Amino acid sequence: MIALIGFWSHALAALLYGALAVWQLRHWNGDRHNRKLVVAFAVMALWGIFVALRGTGDLFSGLAESGRNFAFLAFMYGIVRDAAQRERVRAVRSVYFTVAGVIGLQLVVAGVLPRFESQPLAYDALTATANLLGLTIAAGSLVLVHNLYGQAAPDSRWGIRLPVIALAGLWFYDLHLYTVAYLTDAPVPDLVAMRGAVAAMLVPLFALASKRNAHWRMQVSRAATFQSVSLLAIFAYLILMMSATRALDVIGGEWVRIGQIGLVSAMTIAALVLLPSGKARAWLRVILAKHFFEHRYDYREEWLQFTRTVGLGGDDAAPLGDRVIKALADICDSPAGLLFVADEHHHLTIAARWNWRHPVVDGGEADPAFIRFLETSGHVLAFETPNGGIAAGDGPVRIPEWIAQDGAAWAGVPLLHNDQLVGLVVLAHPIVRRPLDWEDLDLFRTAGIQAASYLAEARSQEALANSHRFDEFNRRFAFIMHDIKNLVSQLSLVARNAERHADNPEFRADMIATLQSSVKKMNDLLARLGRGKGAEAEPLRPVAIQPIVAAIRQARLRGHPVEMFGEESVMALADPGRLEQALGHLVQNAIDASAPDQPVRICFETRGSASVIEVIDSGAGMSAAFIRTRLFQPFTSTKEGGFGIGAFEARSLIAAMGGRIEVASREGEGSRFTIFLPKAEPTADPAIERKRA
């Protein structure tokens with residue numbers, strides 16, 4: 001029964017793969033990879049015919065099995081070879097060549113196996129060898145299938161997914177078959193019989209993949225290569241363990257079990273010792289990069305990692321100097337580093353240290369020639385070479401002894417920004433000591449320029465923040481100077497009137513009130529100058545407009561007529577102090593723009609959801625261009641001796657309370673400044689601020 005199932009399953013596989021080869025050949029689109037598939041399908045058909053008619057132990061069946069494995073392997077290798085035209089991926093190629101060599105051994109064993117059927121011991125040994133070779137081929141092929149899909153470009157995986165699944169299914173079944181046969185050391189006729197049926201079930205996947213007419217485009221991925229090498233190492237370990245166990249079984253004796261346990265224990269201990277070791281992993285990376293790849297670095301991955309490390313933000317992020325050192329150290333697996341920054345006097349001082357456990361020499365005398373040399377050449381210092389690799393032809397330039405950090409330094413990376421030395425990163429020796437090569441120098445030089453831009457940007461941001469703090473102080477000081485000017489004008493008026501009205505008791509009382517108010521305002525100004533911007537603002541609350549306007553009118557009546565129009569019920573959501581200050585600026589500007597006998601009018605009312613205050617004068621007026629470009633610009637004034645601050649500060653104060661100022665003016669006719677503030681509903685006990693000017 002099993003023989004009958006084996007015959008029909010392999011006959012079906014032969015029929016389907018033969019038809020698939022003919023169909024693929026008729027619809028061939030000129031892609032050479034599809035031509036390899038046609039050959040593989042044809043060899044699969046021959047393998048099915050030979051197994052169905054002659055059995056698995058026949059010479060032609062063994063040759064056909066090796067041929068089909070080699071044909072599918074050639075198909076995958078062609079795709080990888082085209083993808084690696086610009087960068088050699090020797091690690092993956094070596095795996096292909098290794099698997100192909102094992103297939104060659106399988107051919108040899110398949111050729112000599114029938115001749116030893118009459119010699120049971122030799123035949124059993126060759127059969128075990130054939131099973132081990134089949135297991136190795138299946139394991140290695142699965143690793144290569146994984147590598148093929150892992151390196152495929154994302155937009156081409158949809159076309160390669162189906163043949164990859166089919167090949168994985170084919171070789172996974174072979175892996176299971178040969179593993180069981182090798183471990184049981186007995187024929188597995190049921191698994192052999194179903195082998196053709198499994199291969200036949202994979203035909204639709206190959207057919208659908210061919211119908212998609214996929215273009216086999218790949219991306220060279222170093223990560224996928226290392227994964228494939230790792231998987232191959234794991235399979236090699238398993239095969240080695242199985243072979244050693246089988247060899248001990250053949251030897252026999254009472255020490256067999258002890259030998260097996262000792263072998264397993266020794267290899268396990270070796271794995272536990274080597275795998276967690278950072279030095280072992282670093283050594284392995286160096287060996288793989290040196291012998292399996294044309295270039296030491298995967299530049300895309302290195303640059304992404306460098307950018308992620310330097311650009312890391314957040315409150316928990318390390319300082320920028322530490323991140324710069326770590327980003328450069330990660331490139332070469334250096335365990336520690338120092339960052340020296342340069343000042344305008346050509347001094348290099350330590351600004352950051354990362355994992356540096358050696359005694360630190362913190363700078364020395366300035367060396368302008370050394371700094372200029374780094375700025376002009378961008379030379380990466382190699383401390384293992386004489387004078388850091390600086391050639392004698394570069395002039396009398398020597399590395400300061402303290403930069404080498406008493407022999408602990410390995411490389412010095414200059415950080416250049418706009419041809420100026422921002423800093424110098426000194427890296428310790430990597431875990432696996434090696435000399436710097438041209439790839440290290442080029443990558444360090446480029447990464448140093450990028451790191452320097454981050455440091456220069458940080459310096460610029462710090463300088464800008466300091467400038468903003470000074471600007472804020474100067475701005476508050478300018479506002480206060482403007483207010484002091486107004487107070488001086490009021491006190492001057494009081495002093496002039498005192499000469500004529502000093503004997504008047506009412507004048508003296510009013511003068512004392514004015515002086516007290518001026519002193520209070522001066523103290524407030526000093527307090528504002530000493531506090532930050534955010535500390536001087538009070539919460540907004542309902543404020544009655546009429547008392548504030550009345551106080552401003554009363555203060556200005558001594559020098560100029562001021563009229564007030566409005567109802568007591570008008571209220572706004574504001575800060576009384578800031579509102580009085582802003583309104584005082586506008587009223588004073590209106591007085592300055594008006595003739596002595598022309599009154600300034602202050603009107604206030606409610607319009608919809610806003611409380612409105614208007615300051616109207618009949619003075620000289622302003623042009624539309626002046627209002628648009630100069631009115632609210634600081635330090636711009638049409639008055640002799642004016643600061644040009646009043647209108648600017650008034651608009652800033654009103655905007656801070658959620659309001660706005662609109663201006664309407666005509667030259668020769670006067671101006672109208674309109675303040676809009678959020679309306680507040682009347683309360684039983686409104687907060688009314690009465691301040692005397």
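## Getting started

A residue is called buried when its relative accessible area is under 20%, exposed when it is over 50%, and partly exposed in between, using a 1.4 Å probe and protein chains only. The model is predicted, so local features need pLDDT of at least 70 and side-chain atom pairs count only at pLDDT 80 or more, while totals for chains, interfaces and linings use all residues. Residues are numbered from 1 along each chain as its sequence is written, and side-chain values use heavy atoms, with hydrogens and water left out.

## The chain as a whole

Let's start with the overall picture. The chain has 693 residues, and 42% of them are buried. Along the chain there are 21 helices and twelve strands; these are DSSP runs numbered from the N terminus, with helices being H or I of at least four residues and strands being E of at least two. Contacts (heavy atoms within 4.5 Å) often link distant parts of the sequence: among those between residues at least 6 apart, 72% join residues at least 24 apart.

How confident is the predictor? The mean pLDDT, a confidence for each residue from 0 to 100, is 77 for the chain, and 74% of the residues reach 70 or more. Over residues 686–693, pLDDT stays under 50, although the model has 26 contacts there beyond four places in sequence. Where pLDDT is low, the predicted coordinates should not be read in detail.

## Two helices to look at

Helix H1 covers residues 2–26. Its 25 residues should span 36 Å at 1.5 Å a residue, and the end C-alpha atoms are indeed 36 Å apart; the expected span is 1.5 Å times one less than the number of residues. The buried residues of H1 are Gly-6, Ser-9, His-10, Ala-13, Ala-14, Tyr-17, Leu-20, Ala-21 and Gln-24. An α-helix has 3.6 residues a turn, so residues three or four places apart point the same way.

Helix H19 runs over residues 576–593, and its 18 residues reach 26 Å from first C-alpha to last, close to the 26 Å expected. Of those 18 residues, 14 are buried, so H19 is largely enclosed by the rest of the structure.

## The second largest pocket

A pocket is found on a 1 Å grid over the protein atoms alone, as an open set of points where a 1.4 Å probe fits and protein lies on both sides within 12 Å along at least five of seven lines; lining residues have an atom within 4 Å of a point. The second largest pocket has a volume of about 900 Å³, counted as the space filled by probe spheres set on points joined across faces, edges and corners. Of its 38 lining residues, Thr-56, Gly-57, Thr-127, Asn-131 and Val-192 are the closest to the centre.

Which elements give two or more residues to this lining? They are H1, H2 (32–54), H3 (59–83), H4 (90–112), H5 (120–151), H6 (157–184) and H7 (189–193). H5 gives the most, with six residues. By type, the lining divides into 23 nonpolar residues, nine polar and six charged. Here Ala, Val, Leu, Ile, Met, Phe, Trp, Tyr, Cys and Pro count as nonpolar, Asp, Glu, Lys and Arg as charged, and the others, Gly among them, as polar.

## Residues that meet across the sequence

Leu-59 lies in helix H3 and is partly exposed, with a relative accessible area of 28%. From Leu-59 to Gly-111 is 52 residues in sequence but 5.7 Å in space, C-alpha to C-alpha. Beyond residues up to four places away, Leu-59 touches Ala-110, Gly-111 and Pro-114.

Further along, Pro-682 sits in the segment after strand E12 (670–678) and is exposed at 54% relative accessibility. The C-alpha atoms of Pro-682 and Met-571 are 6.6 Å apart, with their places 111 residues apart along the chain. Setting aside neighbours within four places, Pro-682 is in contact with Ser-569 and Met-571.

## A loop with positive phi angles

What lies in the loop between strand E4 (409–417) and strand E5 (420–428)? Asn-418 is found there, and Asp-419 is in the loop between E4 and E5 too. Neither is a glycine, yet phi is positive: about 55 degrees for Asn-418 and about 60 degrees for Asp-419. Asn-418 counts as exposed at 65% relative accessibility, and Asp-419 is exposed at 61%.

Definitions and conventions:
pLDDT = per-residue confidence, 0-100.
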